[in-house]
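Got your viewer open? Let's take a short walk through this protein, one selection at a time.

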Amino acid sequence: MNRSVRLGLGVVLLSLSAHAEPATFDDSQELTPPKSNAAPEEPKLAPPTLEAFSYVRRQEKEYLRAALEVWTILIVGNVDYLLNTTSRGGALYPGDQTWDLRYDWPTFRGKLAGDRWTLDTNKFNTNYISHPFAGTMYYSAARSNQLNVFESMSYAFAASVTWEMFGELKEDASVNDVIVTSGSGFAIGEPLMQLSSFFYRSRKSLRNDLLAAFFSPVKAINDWADGADHARSGQVDSIGL
């Protein structure tokens with residue numbers, strides 16, 4: 001076969017291959033992901049933070065209930081103050097009865113204007129035991145309703161001012177009491193709340209639940225009323241902590 005014939009056959013074959021349909025490629029089997037018999041991974045719980053405590057289901061903030069609990073503490077404190085006025089720093093005047101309020105507009109106006117605010121000199125137990133204890137209760141009541149640190153401090157401050165304005169009826173409002181009460185509320189209340197949350201995150205046991213309730217009884221009552229389930233940690237030591 002001469003060179004011209006071979007060249008002609010090559011052109012014919014090339015033309016036929018250019019018009020032929022390309023072969024289809026079925027890759028459906030290769031694109032299908034392999035099936036797995038492993039159980040789906042359970043979602044991980046978010047770690048507890050200072051903004052919220054660790055629950056199985058998210059708990060909403062209860063601003064109104066927090067306010068009602070703080071008011072209850074204020075009312076109980078006022079009853080105690082009226083029954084023990086002199087030992088709490090107040091003054092009983094001749095003719096006063098136990099439940100006499102002795103509160104009038106000039107006194108209230110003086111507190112609003114700042115004229116009846118002072119640095120008091122009550123007994124140490126009153127200023128630095130009773131007031132910090134009250135502040136801790138104010139703060140813990142707010143924190144036990146899922147409020148964050150700043151909100152709980154605001155509740156404690158508002159409660160302290162309310163106490164100076166309306167609770168201690170028979171003495172001037174005290175600047176140092178407001179500072180000590182609200183500041184101690186955070187300084188003492190927050191560590192107690194974190195200790196309570198620590199035991200609730202530990203292995204569920206009677207001991208851990210009792211310790212959690214001991215450090216924050218209001219939180220224990222609120223969680224029980226809400227039916228809240230605490231998220232327990234899977235990484236605990238030999239004693240369940």
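Start by selecting Lys204: with 59% relative accessibility, this residue counts as exposed, because anything over 50% does. Keep in mind along the way that you're looking at a predicted model.

Now add Asp209 to your selection. Its side chain and that of Lys204 meet in a salt bridge, at 2.9 Å from N to O. Next, add Arg232, whose side chain also meets Asp209 in a salt bridge (2.9 Å, N to O). Those two partners sit in distant parts of the chain: Asp209 is in helix α8 (residues 206-215), Arg232 is in the segment after α9 (217-226), and they are 23 residues apart. With shared partners, the salt bridges join Lys204, Asp209 and Arg232 into one network. How accessible is Arg232? It comes to 24% relative accessibility, so Arg232 counts as partly exposed.

Time to zoom out. Searching the whole structure turns up nine salt bridges. For another of these, select Lys61 and Glu151, whose side chains meet at 3.2 Å, N to O. This pair also links distant parts of the chain: Lys61 is in the loop between α2 (28-31) and α3, Glu151 is in helix α6 (residues 149-167), and 90 residues separate them. Buried or exposed: which word fits Glu151? Glu151 is buried, because its relative accessible area is 16% and the cut-off for buried is under 20%. Lys61, at 34% relative accessibility, counts as partly exposed.

Next stop: helix α7 (residues 175-201), where you'll find Asn176. Asn176 counts as buried because its relative accessibility is 13%. Show its neighbours too: leaving out residues up to four places away in sequence, Asn176 touches Thr118, Leu119, Asp120 and Asn127.

Now head for the surface. Select Trp71, Ile75, Val79 and Leu83, which make a nonpolar surface patch of about 400 Å². Trp71 lies in helix α3, which covers residues 63-83.

Finally, clear your selection and switch to a cartoon view of the whole chain. How many helices and strands are there? The protein chain has nine helices and two strands, and from the N terminus they run α-α-α-α-β-α-α-β-α-α-α. Of its 241 residues, 35% count as buried. Turn on the surface, and you have about 15,700 Å² of accessible area, with 64% of it belonging to carbon and sulfur atoms. One last thing to look for is contacts across the chain: among those with a separation of 6 or more, 74% are between residues 24 or more positions apart.

Conventions:
Residues numbered from 1 in each chain as written. Predicted model: local features only at pLDDT ≥ 70, side-chain atom pairs only at ≥ 80, totals over all residues. Heavy atoms only, no water. Patch = residues over 30% accessible without salt bridge, like charges linked within 9 Å, V, L, I, M, F, W, Y side chains within 5 Å. Areas by Shrake-Rupley, 256 points an atom, 1.4 Å probe, with all protein chains shown as cover. Salt bridge = Lys/Arg side-chain N within 4 Å of Asp/Glu carboxyl O. Helix = DSSP H or I, 4+ residues; strand = E, 2+ residues; numbered from the N terminus. Buried < 20%, exposed > 50% of the residue type's maximum accessible area, 1.4 Å probe, protein only. Contact = heavy atoms within 4.5 Å.
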